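Grab your viewer and work through a few exercises on this chain. Each one comes with a solution that goes step by step.

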Amino acid sequence: MRKIVGLLAFVSMALFGDSVKEIQMYSSPTCGCCEEWAKYMHTKGFLVQSHKDDELFMKIKEDFKIAPKYQSCHMGVIEKNGVKYAIEGHVPVDAVEWLLENQPKDVIGVSTPGMPQGSPGMEQGTYEEYPVVLMTQEGGYKVFGIYKGQKKLKSGNVK
């Protein structure tokens, strides 16, 4: 019975607009923390398709014009209403959901630059504070928030 209910929920989401949130994730074939972030996003209701290819990984970053200062060990691409957004690095789920809900016109994606300890997929005992930023089309950024682990400590300059 549970399988039937689950199947009906999946089909209804697909038919009625609240469709599955699918992320295409690109990373190096040797990256382990990338898969940990994918598992985290899966527990939050996202379907993550993993592509482990160094050349493709770098090409996607170039296609989106992700500045080196915003880069991390993996990059996701998610689409809503025909617009594709970059999800660079170990981004907490609430930042991704905010991006999809608000779809700001000048933003190409969201980033957790580097590989901060304690960010989703990087939980290894030490938790540091880190910024999550919205990357703009002009190459700049807006601070979405300051996090420790998955918890937002402070909101940034995003309206």
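Accessible areas here come from the Shrake-Rupley method with a 1.4 Å probe, and for residues, only the protein chains shown count as cover. This is a predicted model: local features need pLDDT of at least 70, side-chain atom pairs count only at pLDDT 80 or more, and totals for chains, interfaces and linings use all residues. Residues are numbered from 1 along each chain as its sequence is written, and side-chain values use heavy atoms, with hydrogens and water left out.

**Exercise 1.** Work out how much area the chain exposes and what share carbon and sulfur atoms supply.

*Solution.* The chain exposes about 8,900 Å². Carbon and sulfur atoms supply 55% of that.

**Exercise 2.** Lay out the elements of the chain from the N terminus on.

*Solution.* Start with the DSSP runs: helices are H or I with at least four residues, strands are E with at least two, numbered from the N terminus. That yields four helices and eight strands. Their order is α-β-α-β-α-β-β-α-β-β-β-β.

**Exercise 3.** Find the buried residues of helix α2 and what covers them.

*Solution.* Buried means under 20% relative accessible area, exposed over 50%, and partly exposed in between (1.4 Å probe, protein chains only). In α2 (residues 33-43), C33, C34, W37, A38, Y40 and M41 are buried. They sit on the same side of α2 because their arc around the axis is only 160°, taken from the directions from the helix axis to the C-beta atoms. On the face turned away, K39, H42 and T43 are exposed. By contact (heavy atoms within 4.5 Å), the cover of the buried residues includes β1 (21-27), β2 (46-52) and α4 (93-102).
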